[in-house]
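Trainee: Could you take me through a close look at a single part of this model, and then show how that part connects with what surrounds it?

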Amino acid sequence: MARENIHQSLEVFYEKVEECPLRDRQFNFFELVYVISGVGNHTVNGNSFPYSSGDLFLITPNDCHGFDLEGTCEFMVIRFGESYVREYQWKSIDHIECLLYYASHLSGSVIAHHDDGKMVCLLVENLKQATEHEAMYSEDLIRHLVNAVIVIAARNMAIIRSQEISSNSDLRILQILDYIQEYIYQPEQLKIVVIAERFGLSPTYLGSYFRKQCNESIQHYISSHRIRLIEHRLRFSDKRVHEIADEFGFADESHINKFFKRHNGVSLKGYRDSCRKEKNSLSS
C-alpha cells in the first residue's frame, strides 16, 4: 500500500468535500482531523466510528483509515511529521509525548471534555482564518494555534485513559499517577516507600491498591512509563545516550542501557538505529 508524505514539518488546510478522495490511506506523518460540519463514519484499522461536528481524530503513521461521508462535510486538517516533533517547543514536551503514546491506544474522537471541545472549535476557526489570509507572522500564529490544539488533545487523551484504568478508580489513584508523571525524571522520588509516605499509605497496601486499580504493579507502571519516554528521546531527538541517562537520573550510560535492554531486549543505540532504518524504508 502506497504511503502519503508531507513536504513540510507542518501542513494545515481546510477542505469541503462530498466524498473521501482516497480510502484506506496510510501516512508517513501524524494527522489531526477536526470535523467542522457534517456526519458520517470514520474507519481506522478496520473499525468504524460515527462522527459529527466537533469531533477531533488523531491518525498515526501506522493507521489505515478513511472517511465515509453522508453528504458534504467540512474538515480542518493538521499534519505534522517527525521534524515537527523534534522542533516542538512549549513549557515542556510532555504534551506531545502524551499525544504520541496514547495515540495507538485510542479510537474515535479524542475530545472528552465539553469545555475543551468549545476551545478547540475556537482554535480551529482561528486556524481557518490564519490559513486563508496570509499576513505578517502568519506562520508563527499557525504554529501557536496548532500547539494549543495539541495540548488540549493530549489533556483529553489523558482523561480518556484515566477513565479506562478501572471502573472503580478513585481520585487517589489519579493523584498517584500524576505524582509518578511529575517525578518520572527523579527516581529517588519514585521509590515505593517515598510514594507510600507521600499518600499516607503503607508500602504493602500501596502495592495491592495500585494493582487493583490499574491491573499492573506500580513498579511495572513506572518502568514502562520511563521506557516510553526514553524511546521518545531516541526516536525524536538527537540527544546522546549520556544526556538521556542524566535526564532520567541514571548514574551513567551502562546503567540506562541495562535498564533499557532488560525491558526492550535491545540497547539504546540498537533501538535508535532500528528507528532510523524503519524511517528510511518508509520514505524510500
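Mentor: Helices (H or I, at least four residues) and strands (E, at least two) are taken here as DSSP runs, numbered from the N terminus. This is a predicted model, in which local features need pLDDT of at least 70 and side-chain atom pairs count only at pLDDT 80 or more, while totals for chains, interfaces and linings use all residues. Residues are numbered from 1 along each chain as its sequence is written, and side-chain values use heavy atoms, with hydrogens and water left out.

I would begin at Asn 215, which sits in the loop between helix 7 and helix 8. Most residues other than glycine have a negative phi, yet the phi of Asn 215 is positive, near 60°. Asn 215 counts as exposed because its relative accessibility is 61%, where exposed means over 50% relative accessible area, buried under 20%, and partly exposed in between (1.4 Å probe, protein chains only).

The two helices that flank this loop lead us to helix 5, since helix 7 (203–214) and helix 8 (218–236), along with helix 6 (192–198), are among the elements that cover the buried residues of helix 5. Those buried residues are Ile 173, Ile 176, Leu 177, Tyr 179 and Ile 180. Seen down the axis of helix 5, they fall within an arc of 155° and so line one face of the helix, the arc being that of the directions from the helix axis to the C-beta atoms. On the other side of helix 5, Leu 171 and Glu 182 are exposed. The length of helix 5 (residues 171–182) is also consistent: its twelve residues should span 16 Å at 1.5 Å a residue, and the end C-alpha atoms are 17 Å apart, which agrees; the expected span is 1.5 Å times one less than the number of residues.

Following the buried face inward, we reach the largest nonpolar core, a term for a set of buried Ala, Val, Leu, Ile, Met, Phe, Trp, Tyr and Cys residues joined through side-chain atoms within 4.5 Å. Of its 34 residues, Ile 176, Ile 180, Ile 195, Phe 210 and Ile 230 touch the most other members. The elements that give two or more residues to this core are helix 5, helix 6, helix 7, helix 8, helix 9 (241–247), helix 10 (253–264) and helix 11 (268–283), and helix 8 gives the most, with seven residues. If we set aside its neighbours within four places in sequence, Ile 230 is in contact (heavy atoms within 4.5 Å) with Ile 244, Phe 248, Phe 250, Ile 256, Phe 259, Phe 260 and Leu 268. A second, separate core of 29 residues includes Leu 10, Val 85, Val 120 and Leu 145.

For the wider setting, the protein chain has eleven helices and nine strands, and 45% of its 284 residues count as buried. Among the contacts in the chain with a separation of 6 or more, 69% are between residues 24 or more positions apart. A useful parallel to the loop where we started is the hairpin of strand 5 and strand 6, which has two residues between the strands and in which Asn 45 takes a positive phi near 55°. Strand 5 (residues 40–44) and strand 6 (residues 47–51) pair in the antiparallel sense over five bridges, pairing being assigned if DSSP finds at least two bridges between two strands.
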